[in-house]
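Trainee: Got a minute to walk through this one with me? I'd like to start with the backbone and work outwards.

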Number of protein chains: 2
Amino acid sequence: MEIKFSLSDIEAFEKQDRTNLINGLSGYKSAHLIGTKNVSGLNNLAIFSSVVHIGANPPLIGFVHRPATVERHTYENIKETGHFTINHVPIELYQQAHQTSARYPRNESEFDACGFTEFYGEVLSAPYVLESPIKIGLTLEEEILVKSNQTIILIGKVQEIYLAPEFILESGVLNLSAARTLIVQGLETYYKSEKIGTLTYAKPNSTV
Amino acid sequence: MEIKFSLSDIEAFEKQDRTNLINGLSGYKSAHLIGTKNVSGLNNLAIFSSVVHIGANPPLIGFVHRPATVERHTYENIKETGHFTINHVPIELYQQAHQTSARYPRNESEFDACGFTEFYGEVLSAPYVLESPIKIGLTLEEEILVKSNQTIILIGKVQEIYLAPEFILESGVLNLSAARTLIVQGLETYYKSEKIGTLTYAKPNSTV
């Protein structure tokens, strides 16, 4: 039997319960590590579950950033340099990836503290995660302030992608099972995937 | 051995290959069905993989909507009524859910064409999907135009949630495995999840 929660029910929840519930509503997400470096050379690495596809041409990816919290270093570094990396997390390293969400001081690198290795390409100043199976380098294209709650949506343009060729299937489709990309739900529950099927482009006269 | 694609490599891809590749970069997402109805009573149901958590207090969820495409009915209906529903898809119904992406004419209901049942609450005019294990009703709170590619981000405020009590664990955490929420990658590959672990709030002095 289903139950119903109204907005006033939700508003009456304890803060932590409400945070967990509403975070869970958007469903499964990939857990990504976002790598940045400031102009003084201090780097930062933080886990985000809010990465979203914005468009393929031009290639744009966005992520939602809280107003001023644990991930503020990420925002500041991107604003300083215009560069950031989005790194898929291999499922084996989910504990280390989660650990990047701790509030480390500015001068402590999450790469060192959590056991990841910096990797640099030729185009961007931001560090990639060497251990990541799919590494995406981006330049800041647009910053959007969400008026409703002062969160920030940062949109980047893909400048380069590093991955193993076996992760790309026919027609450019990515094989995230082979890449062993990590899935997260809510703030702290981690999953891997099991494929159930690949479908074709849907047309109105198709039968289901 | 890894390979690198530069932006010029990506721009030189065939359109379909580029679309698949860039759609895949954001990783795994939940597949959600968004239900709407216009003021004349015509309803619409469409699958989206771009739902993203915006904030817990107030409870806000957003989704990315392409400028003017197959899902335009969703946008028009939300603008007319201010109401929409986000419905988790049970993994068993992934083929029917995918089928809602076909370009049905305006006067044909995807509920009927794809085998879903309308369900109405008392607060919103938009239809829920009866078969959905977690149904979320929202009112339009904010509309954002992404200048970089003219996509639209619609942000809704959660007004009500319908779900079975066994899908809520301690502290408000949702059990999406029990709800059997569907996962999608790219445009057409569907997955279910397998849990690997639940972690606690990370602190800098934690050991990994």
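Trainee: Which sign does phi take at B:Gly27, just after H2(B), and about what value?

Mentor: Keep in mind that this is a predicted model, so every angle here is computed from predicted atoms. B:Gly27 comes just after H2(B). Its phi there is positive, about 90°.

Trainee: And H2(B) itself, is that helix mostly covered or mostly open, and how many of its residues are buried?

Mentor: Helix H2 of chain B runs over residues 15-25. The buried ones include B:Leu21, B:Ile22 and B:Leu25, and B:Arg18 is on that list too. The helix is mostly covered, with the buried count at eight of its eleven residues.

Trainee: What covers those buried residues of H2(B)?

Mentor: Look at both chains for this one. From chain B, the cover includes helix H1 (7-12) and strand E12 (183-185). From chain A, it includes strands E5 (51-56), E6 (59-65), E10 (134-145) and E11 (152-163).

Trainee: So how many residues of each chain are in contact across the two?

Mentor: Start with the make-up of the chain B side: 46 nonpolar, 36 polar and 15 charged residues touch chain A. As for the count, 97 residues of chain B are in contact with 96 residues of chain A.

Trainee: Which strands pair between the chains, and over how many bridges?

Mentor: The partners are strand E13 of chain A and strand E13 of chain B, residues 189-198 in each. One facing couple to pick out is A:Lys195, which stands opposite B:Tyr191 in E13(B). The pairing is antiparallel and the bridge count is nine.

Trainee: What kind of axis relates the two copies?

Mentor: Superposing chain B on chain A takes a rotation of 180° with 0.0 Å of shift along its axis, and the RMSD is 0.0 Å. The copies are thus related as by a two-fold rotation axis. The same surface serves both copies, and the share of chain B contact residues that recur in chain A is 99%.

Trainee: Where is the cis peptide bond in chain A, and which loop holds its proline?

Mentor: In chain A, a cis bond with omega about 0° joins A:Asn57 and A:Pro58. Chain B has one from B:Asn57 to B:Pro58, with omega near 0°. A:Pro58 is in the loop between E5 and E6 of chain A.

Trainee: A:Ser171 has a positive phi although it is not a glycine. Why does A:Ser171 count as it does, buried or partly exposed?

Mentor: Its phi is about 60°, and A:Ser171 is found in the loop between E11 and helix H6 (176-179) of chain A. Buried would need 20 or more C-beta neighbours within 10 Å, and exposed 12 or fewer. A:Ser171 has 14 inside 10 Å, so it counts as partly exposed.

Trainee: What about B:Gln150, buried or exposed?

Mentor: B:Gln150 has a phi near 65°, positive in a residue other than glycine. Its place is the loop between strands E10 and E11 of chain B. With 11 C-beta neighbours inside 10 Å, B:Gln150 counts as exposed.

Trainee: Last one: what is the radius of gyration of chain A, and what does the globule rule give?

Mentor: Chain A holds six helices and 13 strands. Its radius of gyration is close to the rule's value for 208 residues, so chain A is as compact as a globular protein of that length. The numbers are 18 Å for the chain and 17 Å from the rule.

Terms used
Residues numbered from 1 in each chain as written. Chains lettered and ligands numbered in written order. Predicted model: local features only at pLDDT ≥ 70, side-chain atom pairs only at ≥ 80, totals over all residues. Helix = DSSP H or I, 4+ residues; strand = E, 2+ residues; numbered from the N terminus. Rg over C-alpha atoms; globule rule 2.2 N^0.38 Å. Contact = placed C-beta atoms within 7 Å. Least-squares fit on C-alpha atoms with pLDDT ≥ 70 in both. Nonpolar A, V, L, I, M, F, W, Y, C, P; charged D, E, K, R; others polar. Pairing = 2+ DSSP bridges.
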